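Let us walk through this structure step by step, starting from how its parts are named and ending with the spaces left between them.

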Amino acid sequence: MECFLPTPFSFSSSFSSQSWFFPFLVLKSSSKLGFNRKLCSFNRNGSRCMSMSGEMENSVLSYKKLIHFALEETSSHTHLVPAPLQEKYSSLLAMDDETELQMLSFEAPKIRLLRSLCIEGSDGMQVLDFAAFPKPEFDLPIFCANFFTAAKMNIIVLDLNPLHDVMDQEDYKEKYYKDLIPLGLKYSELLPWGGKLTSESLKFFSPIVIWTRFSSSPYNHSVLFSAFKDYYKAWLELTDKSEEETDASQVARNREAQHRYLTWRSEKDPGHGVLKRLVGEALAKDVISEFLFSGVNKLGSKTFLDYFPEYRCEDGRVNEKRSMIGKSFESRPWNARGEFIGNKVS
């Protein structure tokens, strides 16, 4: 129902010259027989695929347009190549034999992993989980877009997640967010705060986070698409300006900070329930740990309870609750200057 017309994509010359790129954007298999609810990869000549434009004609609201924008925009800033993950994770058929989970993953000189998961259900449900993780040699924020759309309701998180603490580390906040506060204010007015947010989750959000809920309408989706594009352009500009860290201790600190983030998301991300309903618990866990939050098993050896001991049950298991601190924020906890005005998060 959003206002962008579902016209076929016209690929830029920079993409048309890259023979590997087109097969990764033609995502829909011409046959379901090969899936059998197992992960599969498309071959590079695209013989098993149909063009995205044909699929787009059947869907007015499609988050694939945002994926296409992000990949094309990234390619104008840096050199993208398919990540090794793409060989295994490209498409997965849900247990209803109708809903398909479509996945893309790339790497670049400063980007450890740029990946997307897009789901378009037959009931009108749509999901976009798009993220870009910097290499540990760069202390860049993590670009994060988590969009869930049902028939009437949209639940949205859009942010440049801070790699380091923006509440206590003023220098880090100044470095990456000072100039972006006006951008955050613009969209926080258009996309109001979405309600209670736990203190634990807040640790991973920046002063410009967009956390919102809204009913479906062409106007709201137009604003959302505009916000995604502006936030992603801002992230790419930060990436262009970033310089590689040569201090081994700082690189290790960056790596641990990203591992802590991945550990939290892989354990507590609220979108996991959707995946479990679609593909079952075993495959959901695989996609979460090995694709969506790839690196959680490689960037560090600490466990979830090492980072977040307050979640330990008496029997040593991880408490399944989303919040152990108990504090939640019903309104935006940053002021117009990007200063945190909620109680200090411990």
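Helices, runs of at least four residues, and strands, runs of at least two, are taken from DSSP and numbered from the N terminus. With that numbering in hand, the reader can place Tyr-261, which belongs to helix α9. The model followed here is a predicted one, and its protein chain holds twelve helices and twelve strands. Of the 346 residues in the protein chain, 54% are buried. Among contacts in the protein chain that join residues at least 6 apart in sequence, 68% are between residues at least 24 apart.

Helix α9, which covers residues 248-268, is a good place to begin. Is Tyr-261 buried or exposed? Tyr-261 counts as buried, because its relative accessibility is 2%, and the cut-off for a buried residue is under 20%. Leaving aside neighbours within four places in sequence, Tyr-261 is in contact with Phe-133, Ile-142, Cys-144, Asn-161 and Phe-204. Another residue to compare by position is Phe-304, which stands 43 residues from Tyr-261 along the chain, with 10.0 Å between the C-alpha atoms of the two.

Gln-258 is also placed in helix α9, and at 1% relative accessibility this residue counts as buried. Which residues does Gln-258 touch, if those up to four places away in sequence are not counted? They are Arg-112, Phe-133, Pro-134, Ile-142, Leu-163 and Leu-299. For Pro-134 there is a further detail, since a polar atom of the Gln-258 side chain lies 2.9 Å from the backbone oxygen of Pro-134.

Helix α11, residues 281-292, also has residues that are shielded from the surroundings, and Ala-284, Val-287, Ile-288, Ser-289, Phe-291 and Leu-292 are buried there. An α-helix has 3.6 residues a turn, so residues three or four places apart point the same way. The elements that cover the buried residues of α11 include β4, β5, β6, β7, α9 and α10.

From helix α11 we can turn to the charged pairs, of which Asp-286 belongs to one. The side chains of Asp-286 and Lys-88 meet in a salt bridge, with 3.8 Å from N to O. Lys-88 lies in the loop between β3 and β4 while Asp-286 is in helix α11, so this pair ties together parts that are 198 residues apart in sequence. Lys-88 itself counts as partly exposed, at 42% relative accessibility.

How many salt bridges does a search of the whole structure find? The search finds 13, and two more of them may be described here. Arg-115 and Asp-129 form a salt bridge in which the closest N and O atoms are 2.6 Å apart. This pair links distant parts of the chain, with Arg-115 in strand β6 and Asp-129 in strand β7, 14 residues apart, and both residues are buried. Lys-178 and Glu-174 form a salt bridge as well, their closest N and O atoms being 3.8 Å apart. Here Lys-178 is exposed, with a relative accessible area of 52%, whereas Glu-174 is partly exposed, with a relative accessible area of 38%.

A loop residue deserves a short stop before we leave the chain itself. Asp-97 sits in the loop between β4 and β5, and its phi is near 60°, a positive value in a residue other than glycine. At 39% relative accessibility, Asp-97 counts as partly exposed.

The last topic is empty space. Rolling a probe the size of a water molecule over the atoms shows where such space is left. The largest pocket has a volume of about 680 Å³, and 33 residues line it, of which Asn-146, Val-157, Asp-269, Pro-270 and Gly-271 lie nearest its centre. Elements that each supply at least two residues of this lining include β8, β9, α9 and α10. By kind, the lining of the largest pocket divides into 20 nonpolar, six polar and seven charged residues.

Besides pockets, a search of the whole structure finds four cavities of 30 Å³ or more. The second largest cavity has a volume of about 50 Å³, and the residues that line it include Ile-181, Leu-185, Pro-207, Arg-332 and Trp-334. The lining of this second largest cavity divides into six nonpolar residues, four polar and one charged.

Key:
Residues numbered from 1 in each chain as written. Predicted model: local features only at pLDDT ≥ 70, side-chain atom pairs only at ≥ 80, totals over all residues. Heavy atoms only, no water. Buried < 20%, exposed > 50% of the residue type's maximum accessible area, 1.4 Å probe, protein only. Polar contact = N/O pair within 3.5 Å; in protein donor to acceptor, adjacent residues only side chain to side chain. Contact = heavy atoms within 4.5 Å. Salt bridge = Lys/Arg side-chain N within 4 Å of Asp/Glu carboxyl O. 1 Å grid on protein atoms, 1.4 Å probe; cavity = no way out; pocket = protein on both sides within 12 Å on 5 of 7 lines; lining within 4 Å. Points joined across faces, edges and corners; volume = space filled by probe spheres on them. Nonpolar A, V, L, I, M, F, W, Y, C, P; charged D, E, K, R; others polar.
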